[in-house]
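Please look over the sequence and the model below. The report that follows takes up a charged pair and a residue in a loop.

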Amino acid sequence: LKRPEVFMLAPKMRPRDGMAFIDIPHIHLDPDKPELSSMCLYDPDGGEWNDTIFLADTVIPWAAEWLMHYEHWHLFGEWIGSGVGPETIREMLDATIAAK
């Protein structure tokens, strides 16, 4: 089962001033081309999407909502959307280090 991936092509995804790509909330980081990281739109284990559901009913509205939260984050430094697990790659790395 191939999951849909959604990317920002223009303008390209970017971190806030003084931050890194690992600080952008809810992305699937591409370490080689971070500006082409994909949006994390749903919990793959949460049963929210499968290949029998129309993208127009799920992924497209989720991407629009993600973009709204991304723009708010850029303006105010706060992600106002919901999510599962750590918000950023940095938080996930910090949690892994703290658990050791």
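## Arginine 90 and its exposure

In this predicted model, arginine 90 is partly exposed. Its relative accessible area is 35%. That value puts arginine 90 between the cut-offs, because buried means under 20% and exposed means over 50%.

## The salt bridge

Arginine 90 pairs with aspartate 23 in a salt bridge. The closest N and O atoms are 2.4 Å apart. The arginine belongs to helix α2, residues 89-99. The aspartate sits in the segment before β1, residues 27-28. The pair therefore ties together parts that lie 67 residues apart in sequence.

Aspartate 23 is buried, at 12% relative accessible area. Its partner, arginine 90, is partly exposed. The count for the model is 1 salt bridge.

## Threonine 88 in the loop

Threonine 88 lies in the loop between α1 and α2. Helix α1 covers residues 59-76. Is threonine 88 buried or exposed? Its relative accessibility is 9%, so it counts as buried.

Which residues does threonine 88 touch, leaving aside neighbours within four places in sequence? The contacts are Ile22, Asp23, Ile24 and Pro25. Asp23 is thus a contact of threonine 88 and also the salt-bridge partner of arginine 90.

## Reach of threonine 88

The side chain of threonine 88 comes to 3.0 Å from the backbone nitrogen of glutamate 91. A longer separation in sequence involves alanine 20, which is 68 residues from threonine 88 along the chain. The C-alpha atoms of threonine 88 and alanine 20 are 11 Å apart.

Notes: Residues numbered from 1 in each chain as written. Predicted model: local features only at pLDDT ≥ 70, side-chain atom pairs only at ≥ 80, totals over all residues. Heavy atoms only, no water. Salt bridge = Lys/Arg side-chain N within 4 Å of Asp/Glu carboxyl O. Helix = DSSP H or I, 4+ residues; strand = E, 2+ residues; numbered from the N terminus. Buried < 20%, exposed > 50% of the residue type's maximum accessible area, 1.4 Å probe, protein only. Contact = heavy atoms within 4.5 Å. Polar contact = N/O pair within 3.5 Å; in protein donor to acceptor, adjacent residues only side chain to side chain.
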